[in-house]
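Subject: Structure handover

Hello,

Here is the structure I said I would pass on. Please look it over before reading my notes below.

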Amino acid sequence: MKNGIRIATFNIQHCRNYLAGKIDYPFFADAVRALDADVIGLNEVRGEGPAEGYDAQAEILAEAIGYRYYFAKAIDVGGANPYGNALLSRLPILSAKTVPIPDPPTRTAAGHYETRCVLAAEIEPAPGEEPLTVLISHFGLNPDERESAVKTVLSLLPEKRALLMGDFNAVPDDITIAPLFEKLVPVCRDFLTFPSDKPDRKIDHIFLTADLSASGEDCPTAVVSDHLPLTVKVGL
């Protein structure tokens, strides 16, 4: 496929080896490198903070595999330890920003609430080529959080040359993310992604605008994090 790029989405659970139960940067660098993707969206990424294990994880992984990166902080755990999403890219990152997802004005569910964000970036697929918009997010556990996240994503989404990926904490038929299926084209639809050792649900998703095409959809099954990654080649 001409003018195509390979993309991946992966919830890395702050680089915690799922089977060994400890943070392991070389292990995750190898896993991310093995995806062989041009653009990678990561969820559950820590930034540098005073607490043990809060290192500049996006930078560590990017330097290990020779990629560019951007870290989008959603919250400071314990008031001082950054946590959020990240973009790793083999291609030039023309711009990137962190867009907070508004918290629901009132909490309507009993689950854990957590402030989230959207990482919004522009990637240059090839020199002089029209940019590709990349949106990366990790939606909340509660329906009202996901509704707010969907509204935020749709407000950032152009009509063409855009993709959305991440951990949405929702299976495909969850009504809270239905507007995404109405506006965008889902890919990698047939893969279960969680939990990684015995996946029984799909909560990680990749969506494309209708002008883009997809081929080579895959879900590598190596157990690294508690989620499995998704990969696809996107035709521009």
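What follows is a summary of the overall fold, then the charges and salt bridges.

Please keep in mind that this is a predicted model.

Overall shape

The protein chain has four helices and 14 strands. Along the principal axes, its C-alpha atoms occupy a box of roughly 45 × 40 × 35 Å. The radius of gyration is 16 Å, which agrees with the value near 18 Å for a compact globule of 236 residues. Buried residues account for 52% of the 236 residues. If one takes the contacts between residues at least 6 apart in sequence, 68% of them join residues at least 24 apart. The exposed surface of the protein chain comes to about 10,200 Å², and carbon and sulfur atoms supply 51% of that area.

Charges

How far apart are the mean positions of the positive and negative charges? The protein chain carries 22 positive and 33 negative charges, and the two mean positions are 2 Å apart.

Salt bridges

The count of salt bridges is 10. Here are some of them, starting with those made by R161.

R161 pairs with E129, with 3.2 Å between the closest N and O atoms. This pair links distant parts of the chain, 32 residues apart: E129 sits in the loop between β8 (116-123) and β9 (132-138), whereas R161 sits in the loop between α3 (143-156) and β10 (162-167).

R161 also forms a salt bridge with E130, where the closest N and O atoms are 3.9 Å apart. E130 is in the loop between β8 and β9 and R161 in the loop between α3 and β10, so this pair ties together parts that are 31 residues apart in sequence.

Are these three residues buried or exposed? R161 counts as buried because its relative accessibility is 10%, and the cut-off for buried is under 20%. E129 is partly exposed, at a relative accessible area of 22%. E130 counts as exposed, with 51% relative accessibility, where exposed means over 50%.

Elsewhere, the side chains of R201 and D200 meet in a salt bridge with an N to O distance of 2.8 Å. R201 is partly exposed, and its relative accessible area is 35%. There is also one network, in which D36, D38 and R90 are joined by salt bridges that share partners.

Regards

Notes: Residues numbered from 1 in each chain as written. Predicted model: local features only at pLDDT ≥ 70, side-chain atom pairs only at ≥ 80, totals over all residues. Heavy atoms only, no water. Helix = DSSP H or I, 4+ residues; strand = E, 2+ residues; numbered from the N terminus. Rg over C-alpha atoms; globule rule 2.2 N^0.38 Å. Buried < 20%, exposed > 50% of the residue type's maximum accessible area, 1.4 Å probe, protein only. Contact = heavy atoms within 4.5 Å. Areas by Shrake-Rupley, 256 points an atom, 1.4 Å probe, with all protein chains shown as cover. Lys, Arg positive; Asp, Glu negative; His and termini not counted. Charge placed at Lys NZ, Arg CZ, Asp CG, Glu CD. Salt bridge = Lys/Arg side-chain N within 4 Å of Asp/Glu carboxyl O.
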